[in-house]
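Here is a short note for someone opening this entry for the first time. Please read it with the structure in view.

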Amino acid sequence: MKKKAFLSLLLILSLLMCMAAPACAEEEFMKLYAMPTTLLDGTLVGASQLEDGGYGIMYQNASRDDLAYYLMLNSLACNFAMPAGEDVFQCYIPGIDEQGAIGYFADEKVLFITVSEDTATLGDDSLAGYIALLGSDITLPADATGIAAPQFYAAVSRQPYRTGLTGKDENSMQWTEYYDGIGWDELSHYTMLMTMFGFQVYAVDRVVEEDMDILMLVYLNGDAEITVAHEANDGTAIVSYKPGVSYYLLDGSQLNDALQAAQ
């Protein structure tokens with residue numbers, strides 16, 4: 001990548017960092033970013049202060065696999081990436097105005113993250129438990145078919161207060177569950193489990209109105225697509241399953257058995 005193009009992408013990242021949404025909920029979510037010393041191949045060079053008062057964090061010798069790995073680690077802290085261009089992502093934390101961006105520069109093998117001045121970080125010690133779990137084996141029931149995933153209620157230890165089919169017409173009907181009491185712990189735990197089951201998560205939209213702050217998340221694995229619409233002001237979540245996909249959803253007992261090897 002030419003120097004001019006590199007500087008242009010840095011400018012894009014800086015602009016994304018300044019694009020704040022108009023509301024910020026008082027919740028248990030916080031501005032938290034993963035910052036391990038090493039990724040898969042990439043190595044943390046350090047952080048430098050930007051002109052706007054934020055900080056730029058750089059990893060060198062990074063690959064696109066490192067980019068995917070970093071996005072995954074960040075999601076475990078409920079910091080979700082939304083694609084904003086080729087190898088550029090805007091960061092979203094439920095109930096908190098957008099605070100950062102992530103960009104990968106292939107020619108330089110550089111991963112660059114911009115964060116606000118008051119951002120907290122997860123270092124090696126804090127991430128060690130997550131990383132150890134990600135390397136654990138999962139034992140599925142003998143009759144498991146299709147794409148396996150934990151039931152949302154099993155992951156968050158809360159029963160839905162309503163369930164049913166939703167959709168505009170018969171061809172688009174999908175199973176939908178409604179929950180309350182979904183905060184940082186619940187969303188982080190669900191994301192951790194879904195990652196262990198091979199899912200990737202992205203933010204796809206944020207809707208902010210006077211009394212509403214919804215972050216739309218999608219968990220993807222092959223044909224499977226599970227959408228979680230999290231409302232930060234009251235801690236509710238609506239979970240929908242893409243129709244036409246063969247899921248094997250584990251209940252609490254099955255999930256405990258599947259994770260025995262990971263304990």
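1. Surface. This is a predicted model. The protein chain has an accessible surface of about 12700 Å². Carbon and sulfur atoms account for 50% of that surface. Of the 263 residues in the chain, 48% are buried.

2. Overall make-up. The protein chain contains six helices and 16 strands. Take the contacts between residues at least 6 apart in sequence: 63% of them join residues at least 24 apart.

3. The six-strand sheet. One sheet is open and runs in the order 10-11-15-14-13-12, with antiparallel pairing. Its edges are strand 10 (162–166) and strand 12 (200–209), each paired on one side only. On average, neighbouring strands here are turned by 20° against each other, direction ignored.

4. The helix on that sheet. Helix 5 (residues 184–196) packs on the sheet. It touches strand 12, strand 13 (212–221) and strand 14 (224–231). The direction of helix 5 makes about 15° with that of strand 13.

5. One edge in detail. Strand 10 pairs with strand 11 (residues 174–179) in the antiparallel sense, over five bridges. T163 has E177, in strand 11, as its bridge partner.

6. Helix 2. This helix covers residues 64–75, twelve in number. From first C-alpha to last it reaches 17 Å, close to the 16 Å expected at 1.5 Å a residue. At its start, a side-chain oxygen of S63 comes to within 3.3 Å of the backbone nitrogen of D65.

7. Is helix 2 mostly covered or uncovered? Mostly covered: nine of its twelve residues are buried. Among them are D66, L67, Y69 and Y70. The run from L71 through M72, L73 and N74 to S75 is buried too.

Conventions. Residues are numbered from 1 along each chain as its sequence is written. This is a predicted model: local features need pLDDT of at least 70, side-chain atom pairs count only at pLDDT 80 or more; totals for chains, interfaces and linings use all residues. Side-chain values use heavy atoms; hydrogens and water are left out. Helices (H or I, at least four residues) and strands (E, at least two) are DSSP runs, numbered from the N terminus. The expected span of a helix is 1.5 Å times one less than its number of residues. Buried means under 20% relative accessible area, exposed over 50%, partly exposed in between (1.4 Å probe, protein chains only). A polar contact is a pair of N or O atoms within 3.5 Å; within protein, one must be able to donate a hydrogen and the other to accept it, and residues adjacent in sequence count only if both atoms are side-chain atoms. Contact means heavy atoms within 4.5 Å. Accessible areas come from the Shrake-Rupley method with a 1.4 Å probe; for residues, only the protein chains shown count as cover. Two strands pair if DSSP finds at least two bridges between them. Axes are lines fitted to C-alpha atoms, for helices over the stretch in contact, and angles run from 0 to 180 degrees between N-to-C directions.
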